Amino acid sequence: QTIQKWCTQVRLWSAYGPTEATICSHLGLCEEGWKLGELGELLPGRKQRISEEGELLLGGNGLAIGYLCDPKSSQEKFIDIDNERWYKTQDKVIVDGGGKLIFQSRIDRQLKMAGNRIEPEEVEKVALSYSGVNLAYAFPVESQLVLAYYSEKKISDNEWKNFLKARLPKFMIPKF
């Protein structure tokens, strides 16, 4: 709805792509009829394919070699298919009737909030390191990160905030 409102008043562009594919792999001008989740056109020199599970794989020009000092993650995310290197985006997509790629969901739990990438599991791991916390689950609610936990003892909001501030970047600290 927001896209439809603004696309008639300004030139509104959709840019899609993970950092591992040099940030932008798809670009599209949002015009009347633009569908939410539409990725746009594949940029020149880039390659795409969809796995049997519906995951978008990216290849071609601009693809990263891997993760610096993290060979395990590099091996998991960068794969070889028919002697070509591909990046597993963790994004599930479908092809609509017009042949356009439409984002459906994430395979993992990764979130984007205010332009920042958040792995809820990282927040949960830090929360579980607090003495007496037995369970922790981080999740989004209306563009806010929320942390639910079970503890043997009461933990004040200030205690939590101070504990989390000392261990997480500001953008990863749950609002509630």
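**View 1. Arg106 and Asp108 meet through their side chains in a salt bridge, with 3D positions taken from a predicted model.** In this pair, the N and O atoms are 2.9 Å apart. Arg106 counts as partly exposed, since its relative accessibility is 22%. In general, side chains of opposite charge can pair when their charged atoms come close.

**View 2. Glu124 and Arg109 form a salt bridge in which the closest N and O atoms are 2.6 Å apart.** Glu124 belongs to helix H3 (residues 120–128), whereas Arg109 sits in the loop between E8 and strand E9 (111–113), so the pair ties together parts that are 15 residues apart in sequence. Glu124 counts as buried, at 10% relative accessibility, while Arg109, at 25% relative accessibility, counts as partly exposed. Salt bridges with shared partners also join Asp91, Arg106 and Asp108 into one network, and Arg106 and Asp108 are the pair shown in View 1.

**View 3. Lys100 and Glu38 are joined by a salt bridge between their side chains, at 3.5 Å from N to O.** Lys100 is located in the loop between strand E7 (84–95) and strand E8 (101–106), and Glu38 in the loop between E2 and E3, so this contact ties together parts that are 62 residues apart in sequence. Of the two partners, Glu38 is buried, with a relative accessible area of 7%, whereas Lys100 is partly exposed, with a relative accessible area of 37%. For the protein, the count of salt bridges comes to nine.

**View 4. Three strands, in the order E1-E2-E3, form an open sheet with antiparallel pairing.** The edges of this sheet are strand E1 (12–16) and strand E3 (41–42), each of which pairs on one side only. Strand E2 (residues 26–30) runs antiparallel to E1 and is joined to E1 by five bridges; Ser14, for instance, has Gly28 as its bridge partner in E2. Between E2 and E3 the pairing is likewise in the antiparallel sense, and here there are two bridges. In E3, Glu41 is the bridge partner of Leu27.

**View 5. The side chains of strand E2 alternate between two faces.** Which residues of E2 point to one face and are buried? They are His26, Gly28 and Cys30, while Leu27 and Leu29 point to the other face and are not buried. Two of these residues also appear in the bridges of View 4, where Gly28 is the partner of Ser14 and Leu27 is the partner of Glu41.

**View 6. The loop between E1 and E2 contains Thr22 and Ile23, both shown here for their backbone angles.** Most residues other than glycine have a negative phi. Thr22, although not a glycine, has a positive phi of about 55°, and Ile23, also not a glycine, has a positive phi of about 70°. Are these residues buried or exposed, judged by their relative accessible areas? Thr22 is partly exposed, with a relative accessible area of 46%, whereas Ile23 is exposed, with a relative accessible area of 57%.

**View 7. Lys161, Lys165, Lys170 and Lys175 form a positive surface patch.** One of these residues, Lys175, is found in the segment after helix H4 (157–165). With a relative accessible area of 51%, Lys175 is exposed, because the cut-off for an exposed residue is over 50%.

**View 8. The protein as a whole gives the setting for the close-ups, with a secondary structure that comes to four helices and 12 strands.** Its C-alpha trace spans about 55 × 45 × 25 Å along the principal axes. Of the 176 residues in the protein, 34% are buried; among them are Glu38, with a relative accessible area of 7%, and Glu124, at 10% relative accessibility.

Notes
Residues are numbered from 1 along each chain as its sequence is written. This is a predicted model: local features need pLDDT of at least 70, side-chain atom pairs count only at pLDDT 80 or more; totals for chains, interfaces and linings use all residues. Side-chain values use heavy atoms; hydrogens and water are left out. Patches are made of residues with over 30% relative accessible area and no salt bridge: like charges are joined within 9 Å, nonpolar side chains (Val, Leu, Ile, Met, Phe, Trp, Tyr) within 5 Å. Accessible areas come from the Shrake-Rupley method with a 1.4 Å probe; for residues, only the protein chains shown count as cover. A salt bridge is a side-chain nitrogen of Lys or Arg within 4 Å of a carboxyl oxygen of Asp or Glu. Lys and Arg count as positive and Asp and Glu as negative; His and the chain ends are not counted. The place of a charge is taken as NZ of Lys, CZ of Arg, CG of Asp or CD of Glu. Buried means under 20% relative accessible area, exposed over 50%, partly exposed in between (1.4 Å probe, protein chains only). Two strands pair if DSSP finds at least two bridges between them.
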